[in-house]
Amino acid sequence: MEQVVFGGRMNIPKGTTFFKTGENVEHVYLLVNGQVRAKSEYMKMNLDNGALLGILDIYSEEYLFDYEAVTDLIVLCFDIAHADGIQKLLKLGKNYQEIAVNSLFAQFHEVYRLYEKSFLSYASEMDDFNVINKEEDSAKVDMEICTYMNQIYALDKKVFHELFTAGEMIAYEHLITGSKLVADINSTALKLVDVLGKAALGIQDDEAQNKAADDLSDGEDTAEEGMDESAYDYALVESELANSMKQILDYSQIDEKEASRFTLMVSQYMNLPDRNTSDNDVRKLRKDIAEQFYQIYENVFLHSLKDTSLSRAVELFLNFGFMDEKEFDKKGLAELYYFKPDLSGTEFSIYTVYGWLKAIYEGKREPSKDEFDQDYKENVRKEKAMHHLSAAEETKMLSDQTAKVQFEIRNMFKVINRLTTNEITIFSPILTQRKFSKSIQKSFLSAKKLSEAMRAIMKVDYSLFHREQMYYDPENKIDNIVVMKQVLPDFILMPNVGSRGVMWQDISEKKRDTPARFVLSAFFNGNLENSLINMAAVYRWEICRTVQGNYWNDVREHSLTSEYCDYVQFYRKNKDLTEEAKEKIRAQFKSCRNSYREMFAKDYDVWVKYESQNSIRLNKVVRGILYMYCPFAAEYRKKLESQPIFNAASARFNRENTKKVRELKTFNSNVLKRGGQVTEVLQKNLDFYELG
């Protein structure tokens with residue numbers, strides 16, 4: 001590195017990785033102009049002008065991230081190799097104190113958000129079955145301090161400024177605290193995925209193994225009937241699927257050298273005595289195979305759009321990730337060959353990943369958000385703002401269906417295909433028979449099985465997918481009115497064998513009338529009811545946050561999230577709670593890593609499964625919140641209203657509901673008086689409140 005004075009200016013070319021994971025922290029850079037991507041094995045984030053690069057790493061004394069120049073950079077370089085390096089930076093004045101602290105808090109907030117999104121729910125599931133050995137769990141994130149840091153970051157800008165320019169030691173202590181938390185988050189994340197990998201190998205206690213066995217037996221009786229084995233033409237199967245990998249690679253039209261390299265890597269991997277080892281060489285091999293897999297998939301998909309007829313090997317690859325016939329026995333290969341599930345015949349839109357990508361290409365659906373919570377249009381406009389695209393190129397990209405498909409494959413598909421398997425550290429995208437614990441047909445998450453499970457939840461939580469929409473009809477003298485409209489989610493089945501479901505996003509492109517996206521493994525070996533209830537809970541939380549915007553946790557604006565956050569924040573002062581209830585809340589919040597959403601999801605699970613059946617598990621306050629914002633259907637409410645414990649919650653709901661019905665009847669009456677008609681939309685809206 002070129003020698004510069006303390007605070008001297010440097011230019012860094014695009015593509016340079018200037019700080020590398022594991023290297024000693026000797027410098028921090030103040031980013032004057034450009035964009036940097038900071039990434040570790042399981043997290044990444046983009047950093048823009050004003051970011052102090054390396055500030056997260058000062059406690060660990062080694063860089064926790066690779067810092068790569070996304071564009072040409074201009075930075076100011078500060079040598080902090082010596083013990084007084086950070087103090088020397090802070091002594092440059094109040095401006096530098098505020099820059100350092102503001103940058104630390106902003107980056108910490110992003111790291112914590114990614115940690116909460118990708119790891120907290122896994123940690124909670126592992127804790128449920130004591131898979132994590134607590135005595136060995138030395139890397140533990142102090143969630144109370146995380147909450148403190150996030151609350152400080154949320155302070156009014158003026159208060160924040162006055163606090164951190166009041167003295168350099170205040171700034172210094174918070175820099176050390178924040179960077180220590182990031183070091184702990186990084187260590188904990190690495191440990192969690194290692195544990196999840198062990199769990200996938202069967203290194204679990206007896207309770208977890210028994211539960212897994214129970215979950216795998218779910219749905220045996222509801223599997224759809226498939227083709228009778230006696231009708232299999234084994235000679236045809238063997239002929240059409242012979243050399244499947246070569247068929248697929250040839251069809252993909254990738255470079256011959258790349259095809260040979262991929263074939264060799266897969267062969268090496270498949271011939272390993274232990275494919276699930278955590279050995280570094282094997283982990284790298286799995287990673288390299290996965291990277292190439294998605295490029296091949298992209299090529300095959302785009303090529304398939306030009307063909308009216310696909311070979312069976314290509315079809316199986318696109319729908320289920322199949323590549324190698326040698327990974328199946330004779331019967332298993334024939335079963336897969338003849339397996340052609342029908343995902344129609346239901347009120348839900350259910351897609352294989354191939355069907356989903358075709359829907360995007362045909363313009364029926366827009367691409368999903370990436371892991372940074374940005375959609376396709378936002379990414380294109382960001383590229384334009386960074387001068388990577390001209391105005392003409394931006395316009396072309398916004399309507400480029402091929403680019404949209406590529407964005408979906410490289411972001412949502414690539415990320416969530418791995419997540420849904422629940423085997424983060426040993427993930428391989430290629431379908432093999434050894435991943436199945438029962439027959440292919442019984443493992444498949446059929447439209448019937450998925451729809452019945454989702455309907456069972458909606459039967460209890462009848463308003464789950466209803467949203468407020470503006471409605472007007474000038475011809476029928478109907479002014480603007482808010483009506484409830486049901487918007488059912490899209491279900492996307494990933495081409496893998498797995499046990500996890502993910503609510504990927506609640507709406508698309510900020511349009512509130514677009515479906516949510518629920519993603520599960522196509523061959524599902526988990527507990528479907530539990531997964532769907534958890535996804536429904538996350539959806540409830542996220543759609544409320546979307547609708548409420550910046551007021552999602554402001555109790556002055558009554559909503560599910562604001563009242564629930566208020567309940568958790570101030571439970572110690574709540575006179576409606578006993579000391580025993582308060583202790584349970586404290587323990588529950590701690591077990592949920594101080595995540596409001598995670599805690600709500602657990603309460604929602606109890607609400608749907610138990611409280612709906614008059615099995616009392618929740619406290620009075622949370623019951624009142626859920627009764628108001630996640631009400632049971634009328635048949636459940638009628639059974640529970642006679643119970644004294646539901647009286648207060650029921651009274652509030654009935655009072656608000658009666659008021660709403662009266663308002664709607666008055667509105668409909670006025671429409672008739674003006675010579676209009678009560679349309680089907682208005683009648684359905686009234687029925688929702690009267691009959692729901």
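Let's start where β2 meets β7: these two strands run antiparallel and are joined by 2 bridges. If you want a residue to look for in this predicted model, take Thr17, whose bridge partner in β7 is Glu68.

From β7 we can step across to β4. The pairing of β4 and β7 is again antiparallel, and it extends over 4 bridges. Glu68 turns up here too, since in β7 it is the bridge partner of Arg37.

One more step takes us from β4, which covers residues 36-39, to β5; 4 bridges join the two, and they run antiparallel. Within this pair, Ala38 has Met45 of β5 as its bridge partner.

Now put the pieces together. The result is an open sheet of 4 strands in the order β2-β7-β4-β5, with antiparallel pairing. What is left without a neighbour in the sheet at β2 and β5? Each of these strands, β2 at 17-19 and β5 at 44-47, stands at an edge with a single partner strand, so one side of each has no neighbour in the sheet. Ignoring direction, neighbouring strands of this sheet are turned by 30° against each other on average.

Finally, let's go back to β7 and look at its side chains. In a regular strand, side chains alternate between the two faces of the sheet. Strand β7, residues 66-69, has a covered face made up of Tyr67 and Ala69, while Asp66 and Glu68 belong to its uncovered face. So Glu68, which we met as the bridge partner of Thr17 and of Arg37, sits on the uncovered face of β7.

Technical notes: Residues numbered from 1 in each chain as written. Predicted model: local features only at pLDDT ≥ 70, side-chain atom pairs only at ≥ 80, totals over all residues. Heavy atoms only, no water. Pairing = 2+ DSSP bridges. Axes fitted to C-alpha atoms, helices over the stretch in contact; angles between N-to-C directions. Buried < 20%, exposed > 50% of the residue type's maximum accessible area, 1.4 Å probe, protein only.
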